[in-house]
Amino acid sequence: MLYTKIIGTGGYLPPRIVSNNDLAAQLAEQGLETSDQWITERTGIRQRHLAERGVTSSQLATQAARRALSDAGIEASDIDLIIVATSTPDHIFPSTACLVQNELGISGGAAFDVQAVCSGFVYALTTADALIKAGVASKALVIGAEVFSTILDWNDRGTCVLFGDGAGAVVLSASSEPGILAAQLKADGSQNGILCTAGNVSYGEVVGDPFLRMDGQAVFKFAVNALTQSAQDVASKAQIDLSEIDWMVPHQANVRIINFIGRKLGMPTDKIVITLDKHANTSAASVPLALDAARKDGRIKAGDTVLMQGVGGGFTWGSVLARM
Ligand code: UT7
């Protein structure tokens, strides 16, 4: 039987760190009131990394990919599939994945982007897993990369304090041992308006709203219910009990959402990886960045069972259960 194994991880954050206090001071100059206390109490976020103007998702993705390849101990030339999850691609086309492939100095393998917003990484990981199990690819780079700062309305304090920029990557390999144990992907397009950037470029002009808009409370409720159910579904699909899961690596949007889900699932807080205090919400990059952080600090070890979850615009959500 052919399985898919995660053999390396890597993360990259742009160097500029903006604390809640820095951001509050910046917004005050624009006449907008916020505070470290509000942001920390409502979300758990304390700081975010923001890319300089002109820095692109493919640049962040390439850095994360190089680190993941080095962690896996393989060469870029071994890769025959690249999937980049992003909602902030460099261009309309070609895909960010093709740009990353070029930056890595390789060609010939498949490369494409996945657009599922903050669920993008679990969508991309599940797609790569399926392609490996089908024998279409044998070594894959799956990357979540975002420069969300480019689509934030910096005059909307309800959203601009929540997000950050960054990229996380994993290297997957076909393997005779498991690997990715089970996955579930879900969408409900009827909820497309609760979290969206509904603009477009058409006939040479930006048409519609180019900024991220969110009904925060609707997203909050949807996320808690959808991810709790999805965790139960994926564990039952893999025929394991939730108590056998060593680590939960959830999408890093709000620590209150994560804690609600953890409580509903009976998951102790010390088994839940949290990076949103340092990274804020990096959308498709949040799960691979958190996975990498917990591997590098020694928490997640070989053999551990890890539940990764994403949720975001679309509305989309999903879970991947993997043995490291
Ligand atoms: O990655 C995709 C997934 N995204 C998410 O999961 C986000 C989900 N939603 C959330 O995390 C929360 O709903 C938020 C953090 C966005 C908002 O928290 P909330 O507890 O739902 O607050 P709220 O929207 O009900 O706002 C409460 C108050 C409002 O003032 P009034 O109307 O009570 O006077 C807001 O205007 O807080 C005000 N407010 C702020 N105050 C200070 C909103 N943003 C800010 C701010 N600083 N940055």
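This note comments on one sheet and two helices of a predicted model.

1. The sheet is open and consists of four strands in the order 8-15-14-13, with mixed pairing. Strand 8 (180–187) and strand 13 (247–250) form its edges, each pairing on one side only. On average, neighbouring strands of the sheet are turned by 10 degrees against each other, direction ignored.

2. Strands of a sheet pair through backbone hydrogen bonds, either parallel or antiparallel. Here, strand 14 (residues 305–312) and strand 15 (residues 316–323) run antiparallel and are joined by eight bridges. Within this pairing, M308 has V320 of strand 15 as its bridge partner.

3. Helix 5 packs on the sheet, where it touches strand 8, strand 14 and strand 15. The direction of helix 5 makes about 130 degrees with that of strand 8.

4. Helix 5 comprises 14 residues (residues 120–133). From its first C-alpha to its last it reaches 20 Å, close to the 20 Å expected at 1.5 Å a residue. Just after helix 5, G135 adopts a positive phi of about 80 degrees.

5. Helix 5 is mostly covered, with 10 of its 14 residues buried. The buried positions include the run G120, F121, V122, Y123, A124, L125 and T126. Further along helix 5, A128, D129 and I132 are also buried.

6. Helix 7 (residues 216–237) lies across strand 8, strand 14 and strand 15. Its course runs at about 35 degrees to strand 15.

Definitions and conventions
Residues numbered from 1 in each chain as written. Predicted model: local features only at pLDDT ≥ 70, side-chain atom pairs only at ≥ 80, totals over all residues. Heavy atoms only, no water. Helix = DSSP H or I, 4+ residues; strand = E, 2+ residues; numbered from the N terminus. Expected span 1.5 Å × (residues − 1). Buried < 20%, exposed > 50% of the residue type's maximum accessible area, 1.4 Å probe, protein only. Pairing = 2+ DSSP bridges. Axes fitted to C-alpha atoms, helices over the stretch in contact; angles between N-to-C directions. Contact = heavy atoms within 4.5 Å.
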